[in-house]
Amino acid sequence: MNDYNARLEQAQARQRRLHLSIAAGLAAIAVTVLCIVVFTNGTSVRILPEEAAASGRIEVVQGFGAAVGTVVYTIGGAPVVRASAAGYQPSDRQIAPGEKGRTVDITLRPLPGRLIAATAPQDARTRWSINGQLASVSAALDRPLEAGDYALSIDNPYFRVETRTVTVKRGEEVRLEVPFESVVGRLRIEALPKDAAVSIDDAPAGASPIELEKKGGAYRIAVAHPDYVTVNEVVEITWAEPEVARAYKLQRKPATLSFSATPPGGSLLVDGTRADPAAPLAVESNVEHKVSYLKPGYFSETRSITLRPAESRQVAFALKAETGKVEVQAQPAATVFVNGQEMGPTPMTLELPAVPHDISVRKPGYRSVERTVTADSKKPILVRVTLETELAARLGAAPPQYTNAAGIALKLFKPTSFVSGGTRAEPGQRANEFVKNIRLEKPFYAGLHEITRDQYAKFKGGAAAGGTGNTPVTAIGWEDAALFCNWLSAREKLEPVYVMRDGRLASVNAAADGYRLLSEAEWEWLARRAGRDKQTIFPWGNEAVVPPMAGNIADEGAQGKVQVFVPGYNDGQAGVAAVGSFKAEPSGLYDLTGNVSEWVHDFYSLEPPVGNAVERDPLGPSFGDSHVVKGSNWRSATRSELRAAYRDGLMAGRDDVGFRIGRYVYGGPGDAKAQ
């Protein structure tokens, strides 16, 4: 090794020694700091009570640290320490960071003692009470207790109550065996009949009455007699009830009835209570019983029966059929049906079983009469009926006024004959007002008011043009009004009048009882004849002067809105008014004068009538391009327009035209008119 290498090696050795010295110094500093941290973090643990501290021991069971005696040294965290001592239950406690370096207490609870007790003999019904509180119901007691003195009570229904004072020490067992002393009581048994045999726990004890001395316990008692039902009961002699007395009244053994009954399906009664003829029935013996068998249409039978104890007997019934005479008379003569079967024409006498029968008297075109009668063998029954035509019956049942499902009020009318139109000599008459002899025979309903926007909105599912309200709906076509009528008919399950295809009229079912527009003849009859002594020219009468508040027409307030108005007349309405704003007209309807003109059912025609023929319930032509509009409106002011005979023909709706509905009380006769 040359001199240079030797010096290099010495320098490297010095450098290694320097590094080792620095590392050792740092380690010493770290140990010193750790010791300072640990020993300045020592927490003193005090064990309570003082009696436990003498044998107490501390250990760290969770976290980093160690216990030296009763001082715990930890590094960070919140350690859990456990304190224990002989005769006490261990207890854990967490030392919070803020408690380090201080003194903390751990209080130990003494270990409990244990009481183990049993009786001789043992019985699961024994009640164990400690210091007056029920502890257990069992044959033996095993209960941990804190050290101390206790009052023990032992209660069993069949033994005398025992009490003991027991001292329990910490961590020790106390074993106790308590001998039981049986209760001694008396058992008295009486019975009717007096010679009944008594057995106790299946051993014969003699004939009643008997009296025996018995220890506490449960005993099975049986009291028997050959003609009576044996009585069985379990009785108990206890310290609370040492004397037990029983008085039994034995029931005789029942007898048994069985039955044979024809015809089947009748009612069997035993002493007034319904019984099953197919099942045997137990009844009281040595007692008279009333047994009856009944069936509608047969003579009933009743038997009186007395049976001996345990006797069985069958009772047979064979009922005889009962019939009676029923005479049926009808005016006019008609056909008789009994229970749906045709029997023949009236008058007739029937021999029928004595049961309820549904008798129907029928004749085409008349309302059938139904009766339920029960034939009687003791006296004949007379059924006398007067048939009413179907139409008269329907009319009799029709209310004079009603409000339908859409809230529309309608009034019933029984129309008469009148002359529609006007002669050429009548002032204001127009050429399209043909004089016709009209005979209205079919009763009909007419709406009290014109259909309102609110009512029409229910049909459309929303407001019509012009919004909602109680004013008449206007500006709708005739087909829309017809569809509204069909909608009402469907809601009330009535036969529709209008057969529509793609929103257009295909045919009219004149025999239907559904809703429709009033016919032109009906509308004019209502405006000129209904509720009046004689036919009039105007809805208010024959005078051309419009009476005050006769209706909503073109008055002085409409100046500027209409070309012609009625001078000196004021109705308080400049345009369309709410329905019913004016008093009812003689017919009882509203707004036949003014407010809005009204679509009616008929096609518009200019064909004059042939001769003086009488038209019965006319519905107008079978086809046409337009429909008739009747009545004046709020724009009307001329004599022609205000007359009830005024008529016009329109193809489309208008803002001063609405409609009113009606319907026949009954449909038919009439044929559908194809278009």
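By class, which residues make up the lining of the second largest cavity? We'll get there, but let's start with the whole chain. This is a predicted model, where local features need pLDDT of at least 70, side-chain atom pairs count only at pLDDT 80 or more, and totals for chains, interfaces and linings use all residues. Residues are numbered from 1 along each chain as its sequence is written, and side-chain values use heavy atoms, with hydrogens and water left out.

The chain has seven helices and 54 strands, taken as DSSP runs numbered from the N terminus (helices are H or I with at least four residues, strands E with at least two). Its C-alpha trace spans about 150 × 130 × 65 Å along the principal axes. The radius of gyration is 57 Å, while a compact globule of 675 residues would have one near 26 Å; that rule is 2.2 Å times the number of residues to the power 0.38, and the radius is taken over C-alpha atoms. Of the 675 residues, 41% are buried, meaning under 20% relative accessible area with a 1.4 Å probe, protein chains only. Take the contacts (heavy atoms within 4.5 Å) between residues at least 6 apart in sequence: 57% of them join residues at least 24 apart.

Now zoom in on helix 5, residues 478-491. Its 14 residues reach 20 Å from first C-alpha to last, close to the 20 Å expected at 1.5 Å a residue, where the expected span is 1.5 Å times one less than the number of residues. Its buried residues include Trp478, Glu479, Phe484 and Leu488. After the helix comes Lys493, with a positive phi near 55°.

Trp478 and Glu479 also help line the second largest pocket, along with others including Arg504, Trp599, Asp625 and His627. Helix 5, strand 46 (504-509) and strand 48 (597-603) each give two or more residues to that lining. The pocket holds about 200 Å³ of space, and its lining has six nonpolar, three polar and three charged residues.

What about enclosed space? On a 1 Å grid over the protein atoms alone, a cavity is a set of points where a 1.4 Å probe fits but cannot get out, whereas a pocket is an open set with protein on both sides within 12 Å along at least five of seven lines; lining residues have an atom within 4 Å of a point. There are two cavities of 30 Å³ or more. The second largest has about 30 Å³ of space, and among its lining residues are Trp523, Pro539, Glu641 and Arg643. Back to the opening question: this lining has five nonpolar, three polar and two charged residues. Ala, Val, Leu, Ile, Met, Phe, Trp, Tyr, Cys and Pro count as nonpolar, Asp, Glu, Lys and Arg as charged, and the others, Gly among them, as polar.

Technical notes. Buried < 20%, exposed > 50% of the residue type's maximum accessible area, 1.4 Å probe, protein only. Points joined across faces, edges and corners; volume = space filled by probe spheres on them.
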